[in-house]
There are 2 protein chains.
Amino acid sequence: MKYQKIPEATIRRLSRYSRCLEEMEEKGEKVVSSAQLANKCIVNAAQVRKDLAYFGEFGIRGVGYYVRDLLNNIKKILGSNKEWRMALIGVGNLGSSLLAYKDFLKQNYTIVAAFDIDPPKVIGRVSEKLGKPVEVFHINRIKEVTKERKIEIGLIATPPSEAQSVANLLVEAEVRGILNFAPAQITVPEGFVVKDVFFTIILDNLAYLLSN
Amino acid sequence: MKYQKIPEATIRRLSRYSRCLEEMEEKGEKVVSSAQLANKCIVNAAQVRKDLAYFGEFGIRGVGYYVRDLLNNIKKILGSNKEWRMALIGVGNLGSSLLAYKDFLKQNYTIVAAFDIDPPKVIGRVSEKLGKPVEVFHINRIKEVTKERKIEIGLIATPPSEAQSVANLLVEAEVRGILNFAPAQITVPEGFVVKDVFFTIILDNLAYLLSN
DNA sequence: TCAATTTTGTGACTCCTTTCACAAATTTTG
DNA sequence: CAAAATTTGTGAAAGGAGTCACAAAATTGA
Ligand SMILES: NC(=O)c1ccc[n+]([C@@H]2O[C@H](COP(=O)([O-])OP(=O)(O)OC[C@H]3O[C@@H](n4cnc5c(N)ncnc54)[C@H](O)[C@@H]3O)[C@@H](O)[C@H]2O)c1
Ligand SMILES: NC(=O)c1ccc[n+]([C@@H]2O[C@H](COP(=O)([O-])OP(=O)(O)OC[C@H]3O[C@@H](n4cnc5c(N)ncnc54)[C@H](O)[C@@H]3O)[C@@H](O)[C@H]2O)c1
């Protein structure tokens with residue numbers, strides 16, 4: 001396990017292995033081979049082993065991998081063994097569906113505060129959802145509240161025209177991670193990370209494949 | 001312009017170029033160089049030219065590319081110059097936010113029918129949204145209605161446990177393209193295309209980058 | 001008209017990712 | 001206990017994707 005730059009694709013696959021391993025654990029399976037895991041995730045078995053080899057030796061030759069053990073190791077690698085505290089900015093259509101997203105809870109991602117430019121307008125959208133309702137603050141309290149609640153990730157679900165200025169506020173509040181749903185290119189300083197979720201890019205991709 | 005296998009990354013970038021060119025066109029810009037476009041999309045200028053070269057020669061040496069012309073060509077390549085008719089399956093939290101997604105309308109993707117296992121329950125979610133409300137059918141009418149309305153893409157927004165069986169229905173109804181939001185690996189026969197939108201994989205990726 | 005300037009299109013090169021193939025480690029079987 | 005079977009970990013090969021660098025084409029300006 002010498003140090004190397006790790007491909008982003010490897011990280012994405014680890015996340016998929018993690019999901020598969022969770023299912024296996026639920027089914028009570030104790031041991032899995034790279035071939036079985038590869039089969040389930042539709043990748044090459046050598047790829048599975050190589051992905052893991054970037055981070056250490058987790059298997060036993062002639063046996064395979066202990067499901068529980070491998071899952072714990074992958075979670076440690078991904079940083080998904082800890083609770084991540086998130087803020088939602090923009091409690092509109094998409095935003096309020098994110099508040100109700102059960103998978104976030106099952107996984108270890110929690111929305112601990114929400115922000116909007118017009119909290120009274122959106123308050124109904126929040127209380128109508130299941131579980132403990134998330135408090136909605138005015139956007140101008142973002143710095144104060146994110147500090148207080150130790151928020152590490154911001155979800156941007158405002159109109160695209162507001163995305164960059166919201167990102168600037170998050171940067172100012174030292175929220176280092178941003179997941180951006182608004183179809184706008186946003187930039188942040190060194191040390192901050194933005195990942196985009198652009199539905200229409202994926203749709204365009206689908207449309208391309210369907211037309212060819 | 002010899003035939004070659006085209007990288008998926010190229011298609012994704014074309015989609016981004018398309019968005020930038022639309023903005024430029026709105027601003028009234030007539031001509032753009034590969035360097036300017038690259039700068040706006042945060043890629044290498046040679047990359048832009050190479051991406052385009054897979055499909056033909058669209059520029060003029062010493063000048064650049066005509067914005068309008070290049071945009072039309074890219075749309076033709078991506079298949080986004082035509083109207084794509086979509087069905088939504090699962091009108092829950094996420095599903096109803098998709099119904100209200102304005103960008104789908106601005107772009108040429110239209111949801112022309114929705115399906116749920118319990119239409120009466122979800123009807124309020126639809127009528128509360130802006131624009132002309134989308135009709136919600138019981139899932140058991142999917143084959144009939146998709147044929148009648150010439151639907152080409154299905155959006156799966158049901159619980160993950162139902163995703164594969166819904167996909168099977170879409171395959172049966174010969175809906176060739178699927179955009180899957182449920183965190184479940186689904187498989188379809190040759191000739192059909194599935195693209196996944198897995199929020200938690202992207203979040204895991206973000207978490208990894210933040211922990212390292 | 002022709003030299004200087006601009007910018008494309010593309011072959012060659014570099015870098016990164018995936019797959020192959022096999023030695024090494026471990027278990028199973030006779 | 002030794003031979004056969006299994007499965008990992010990894011170096012080497014193959015395959016893609018991105019960048020560089022420059023000839024070719026078009027424009028501009030004197
Ligand atoms: N609706 C979808 O399914 C969907 C899908 C993909 C992407 N998106 C994108 O997600 C974003 C939100 O979409 P939506 O449909 O929920 O829109 P929306 O208009 O319903 O919600 C936007 C919310 O942001 C709030 N807001 C506006 N400016 C703000 C600011 N400066 N600070 C804080 N809050 C602010 C508004 O009050 C509103 O509640 C858009 O960029 C959209 O393109 C939406
Ligand atoms: N809520 C989010 O923001 C979000 C984000 C990412 C992914 N997802 C995923 O999207 C899916 C939907 O999430 P949600 O929060 O909207 O859940 P939800 O429970 O609110 O909605 C699910 C809907 O699907 C319907 N349904 C169930 N079985 C069906 C079937 N066989 N045929 C047709 N309809 C059926 C239900 O009646 C319900 O209306 C889930 O798989 C979820 O993991 C949700």
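How many nonpolar, polar and charged residues does the surface near DNA strand D have? In this predicted model, that surface has 9 nonpolar, 7 polar and 8 charged residues. The points below take up the DNA surface, the two copies, one helix and one ligand.

1. Surroundings of DNA strand D. The strand is surrounded by 24 residues, of which A:Ser34, A:Arg49, A:Arg61, A:Gly62 and A:Tyr65 are the closest. Of the atoms of DNA strand D that come within 4 Å of the protein, 68% belong to sugar and phosphate.

2. Polar contacts with DNA strand D. A polar backbone atom of A:Gly62 is 3.2 Å from a sugar or linking oxygen of the strand. Chain B reaches the bases: a polar side-chain atom of B:Arg49 is 3.3 Å from a base nitrogen, and a side-chain N or O atom of B:Lys50 is 3.3 Å from a base oxygen. Helix H3 (45-53) of chain A and helix H3 (45-53) of chain B are the elements that give two or more residues to the surface near DNA strand D. H3(B) provides the largest share, 4 residues.

3. Relation of the two copies. Chain A superposes on chain B, with an RMSD of 0.1 Å, after a rotation of 180° and a shift of 0.0 Å along the axis. The copies are thus related as by a two-fold rotation axis. Because 100% of the interface residues of chain A are also interface residues in chain B, the copies meet through the same surface.

4. Helix H1 of chain A. This helix covers residues 8-26, 19 residues in total, and spans 28 Å from its first C-alpha to its last, close to the expected 27 Å. Its buried residues include A:Ile11, A:Leu14, A:Tyr17, A:Leu21 and A:Met24, and also the charged-type names A:Arg13, A:Arg19 and A:Glu22. The buried residues of H1(A) pack against strand S1 (31-32), helix H2 (34-41), H3, helix H4 (67-78) and helix H6 (102-106) of chain A, and against helix H10 (199-210) of chain B. After H1(A) comes A:Gly28, which has a positive phi near 85°.

5. Ligand 2. This ligand lies between chains A and B. It has 25 residues around it, and the nearest are A:Ser97, B:Asn93, B:Leu94, B:Asp116 and B:Thr158. A polar backbone atom of B:Leu94 is 2.8 Å from an oxygen atom of ligand 2. Polar contacts to nitrogen also occur: a nitrogen atom of the ligand is 3.3 Å from a polar backbone atom of B:Ile117, and a nitrogen atom is 3.2 Å from a polar side-chain atom of B:Glu162.

Conventions: Residues numbered from 1 in each chain as written. Chains lettered and ligands numbered in written order. Predicted model: local features only at pLDDT ≥ 70, side-chain atom pairs only at ≥ 80, totals over all residues. Heavy atoms only, no water. Near = heavy atom within 4 Å. Polar contact = N/O pair within 3.5 Å; in protein donor to acceptor, adjacent residues only side chain to side chain. Least-squares fit on C-alpha atoms with pLDDT ≥ 70 in both. Contact = heavy atoms within 4.5 Å. Expected span 1.5 Å × (residues − 1). Buried < 20%, exposed > 50% of the residue type's maximum accessible area, 1.4 Å probe, protein only.
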